[in-house]
Amino acid sequence: MLDAVGVASVDDLFADIPSAVRAGEWDVPSPLSEQEVRAELARLAERNRIPTVSFLGAGAYRHLIPSVVGEVIGRSEFATSYTPYQPEVSQGTLQSIYEFQSLICELTDMEVATASHYDGATATAEAALMACRVTRRSRVAVSAGLNPDYRRVLETYCSGPGVEVVTVPVDLSEGGDGTTDPAASGGLDEVACLVAAQPNFYGQLEPMRELADAAHGEGALFVAVVEPTSLAVLQAPGSYGADIVAAEGQPLGIPVSFGGPYVGLMAARMASVRQMPGRLVGATRDVQGRRGYVLTLQAREQHIRREKAASNICTNQALMALAATAYLTAVGPSGLREVAELSMAQARHLAGALESAGLAERRFGGAYLNEVVMRVPEAARRHAALAEQGIVAGHLLERGEAELRDTLLLAATELTADDDIARLIDALEATR
Amino acid sequence: MSVAEAPPSDASGRGAAFTGAAGGEEVTVVEPLIFERSRAERRAVRFPGSTDAARQAGSSQPGVPASLLRDRAPRLPEVSELEMLRHFNRLAHLNMAIDLNFYPLGSCTMKYNPKVNEWAARLPGLAESHPLDPEALSQGSLELMWLLAELLKEVSGFGAISLQPAAGAHGELTGMLMTRAYHRANGDSEQRTKVLVPDSSHGTNPATATMVGYQAVTIPSNARGGIDLDALRAALGPDVAALMITNPSTLGIFEDQIEQVIAAVREAGAIAYMDGANLNAILGRFRPGEAGFDVMHFNLHKTFSTPHGGGGPGAGPVGVSERLEPFLPRPMPVLAEGDPDEVRANAWAGRSTSEARFALDEDRPRSIGKVRSLYGNFGMFVRAYTYIRSNGDAGLRTISEDAVLAANYLRVMLHDVYDLPYDRLSKHEVVFSGRRQKRQHGVTTLDIAKAILDRGIHPPTIYFPLIVEEALMVEPTETESLETLDHFVGVMREIAELAASDPEAIKRAPITTPVGRLDEAAAARRPDLRHRFADIADAPEAPAGTPTPEAPTA
């Protein structure tokens, strides 16, 4: 091949790199055979201690992932293809994204959903920026009940174009219900949107319709950040007036995997589709009149519009969107409802059992879904003591607001066993 | 559901006529939508009922107020596990993929993704590691991230790495936000409003600049395909925040004036950003950090072989110079206790360091903040780490050597039949032009791409970079055999001959694919972006907006 190319050596192929900037020595270890590299990865996996009992959620949830979901996303034809620029040989990816968009519209009761985003936090941030484009305003209001990680990402994204972020407080008072107060949102003047989460970070159920009305009263959009499995039982955002919906799709068949890859969901109204960021797949016909699918409305996108694009997003999370599609298909409407109801039932079991044992009490009044803030005396010490035994007593809220000292955010899912709750109670008893 | 007629799919992929859900119109489909296979009460997965203990203990707890409950269940499909699996397997059959076809999609580095990487990412000890588990329980995940960052430093010559960005474009955003934070710290952010991008750049570069509030200014290329140094120098000034340059460029050319470029940018007080999309060409040969760049994003899904997944997930870590280090996103995985040299040496030997403790450092007061929830696409880190360790120092060098050799081989084997606007040594890819075929025979690059499909090969990237007329951007990668490359050469030569002898045959292509050419203009004119159930009236039309051009693909 070197002869064909007309060079004497491989080094000649790099003759165009000026000698002054050629790479120096590096410290990269020697190659490993498959058995050696497996041993190395097994070593790292074993350095983790996967808890035997965990009530940790706070944005990433352990749910049953049906075996068939792994089978679908493991298919080479999905995993080793790329963005469907050649639709004639990408109908598998394109149709699955069209099905994904349809499923997300159906879950959220919205008119249009994108092909996916990096995660829930970036989808939320992009939703806020989209609201700025739609309303031509440059302030956004964010509920303090939004996952703090999402708030940080949103602040970073807004710092780009210089969009101001105002926080709408949550009632953290003793006996309060831990929700966003629409009346306290006096700062909605001239905002592009109000962003609020259902359930909120504390697991509490927000008065979404009132919040939407408050936003609309100021000419602002309402951005609802939702948890997708909850939509089997909770009001769909479209029914309470959400203009844009953003969500983390991880609970839909994706492992917690130390934070990613996950999948961001975004849905909106058709009236604002041209302001949406990210890829969209549409149905059309081929030359013979057969139904087929293509990337569409690409005039919003960076590879056509360059600096005038709605976003710089290019790659989305197609394989994770496929996982969500396969998951929602596998569980169906009754399965998703069972997941939501079992998670709610076990969360009530958990909270009730902790209260009955005199170990903890609910920090807030009001209604919650499958995650609940409990006040536990000396929470930090006991959380750490339990972790040593492989029991993760939820998420310690110590880094948040001072009002939430000595509180734990505990999540239950359908995988939470009665025995897990019993073990938590015993372990907490032992640390009194 | 109104569709009881959905037939069993024709596995040949030819499709069968049936009455679709939309308006009772006859339509031929290759594979019905999953919704069209739904039958009431069918299901794949079952869950246990709630336990007695839960019912009793929970009775003291508040339920969900009726006003917050949903009144109509979402119409998810109801199918058996077998029907579902067949549906998705049949969809899979409609895709081309690296594991089936040569896929020389330029700029995307469609190399083989070794399966041991998948094995590693699915290890329960990693896949079930919760991102908010106490650090004491997550030492393996944290060590893996720290080690990967160490390796990326070595590969790139940068002093610090953030793994957080989820994709290349996300890494660009991170880099531009850090650029602005840097200028703010210097007190001249207000006046630095422009970001320079060469005309050969990826569309994400100018789009990213806009997202950060910068004005993108295009710098022309010179006749040799490099950046026009005079134009660059003329554009640089106290109003410029950064230059974003792809090197090797999207023309597959190494910028041989790179020293002058970096020096000029630095002299102007601007940040030198390198788009690292094409790192696959220069492993062990050029380290951007060492050469003086301030920041670069990696595409782990390109260079380090994590699967492209039909369009993600990717991962776009950034490497930075000392002057940008304080602004990196937080948190950063750090070695909180232990000697880094010892920890590295032990890990390279497959051993743990007992006294090492890894942590997430949130205490970064000048950080731009977070660009993504949690820490990034960890599953991609596992695969990339596995890949780098498998290849090692010698393997990484060989990757670039073989990738560059393959691209140059295609260049010399095809340059007599397709125009080559920049006939120079190639790096990872070579960009041909189909202008001769267009002028002489009326066969466009799009037609050529469709003819390639009929020959069982995924076409190159077409109509990009924008500065090449009728561009065909070919990136063979290092993982293809000489026989595959020769087969591709034969196919491309045959198509060039056919373009001359029977151009209409090419314009009819593709004829062997599951569907033929699709009406993209109609798709944009009347957006149909979701399945319509029988009881849904047609969704509102999208308002008239920017007309969609006949989309060139990039």
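In what order do the seven strands of the open sheet of chain A stand? The order is 2-8-7-6-5-3-4, and the pairing is mixed. Here strands (E, at least two residues) and helices (H or I, at least four residues) are DSSP runs numbered from the N terminus, and two strands pair if DSSP finds at least two bridges between them. The model is predicted, so local features need pLDDT of at least 70 and side-chain atom pairs count only at pLDDT 80 or more, while totals for chains, interfaces and linings use all residues. Residues are numbered from 1 along each chain as its sequence is written, and chains are lettered from A and ligands numbered from 1 in the order in which they are written.

A good place to begin the tour is the rim of this sheet. Strand 2 and strand 4 (164-168) of chain A stand at the edges with a single partner strand each, so one side of each has no neighbour in the sheet. Strand 2 (residues 112-113) of chain A pairs with strand 8 of chain A in the antiparallel sense, over two bridges, and Ala113(A) has Ala267(A) as its bridge partner there. On strand 8 of chain A there is also an antiparallel pairing with strand 7 (residues 244-248) of chain A, over five bridges; in this pairing Glu248(A) stands opposite Gly264(A). Elsewhere in the sheet, strand 3 (residues 139-143) and strand 5 (residues 193-198) of chain A run parallel and are joined by three bridges, with Leu194(A) as the bridge partner of Ala141(A).

Strand 8 of chain A deserves a second look. Five of the five residues of this strand (residues 264-268) are buried, so strand 8 of chain A is largely enclosed by the rest of the structure. A residue is buried if 20 or more other C-beta atoms, placed from the backbone, lie within 10 Å of its own, exposed if 12 or fewer, and partly exposed in between. Gly264(A), Met266(A) and Ala268(A) point one way from the strand, Leu265(A) and Ala267(A) point the other way, and all are buried.

Attention now turns to chain B, whose secondary structure comes to 17 helices and 14 strands. Its radius of gyration, taken over C-alpha atoms, is 27 Å, which agrees with the value near 24 Å for a compact globule of 554 residues; the globule rule is 2.2 Å times the number of residues to the power 0.38. The C-alpha trace of chain B spans about 80 × 70 × 50 Å along its principal axes, and 57% of the 554 residues count as buried.

An open sheet in chain B has three strands in the order 12-14-13, with antiparallel pairing. Its edge strands, strand 12 (430-433) and strand 13 (461-462) of chain B, each pair on one side only. Strand 13 and strand 14 (residues 471-474) of chain B are joined by two bridges, and Ile462(B) stands opposite Leu472(B).

Finally, the two chains meet. In all, 183 residues of chain B are in contact with 174 residues of chain A, contact meaning that C-beta atoms, placed from the backbone, lie within 7 Å. Helix 12 (residues 378-414) of chain B gives the largest share of the side of chain B that touches chain A, 19 residues. That side divides into 102 nonpolar, 54 polar and 27 charged residues, where Ala, Val, Leu, Ile, Met, Phe, Trp, Tyr, Cys and Pro count as nonpolar, Asp, Glu, Lys and Arg as charged, and the others, Gly among them, as polar.

Technical notes
Two residues are in contact if their C-beta atoms, placed from the backbone, lie within 7 Å.
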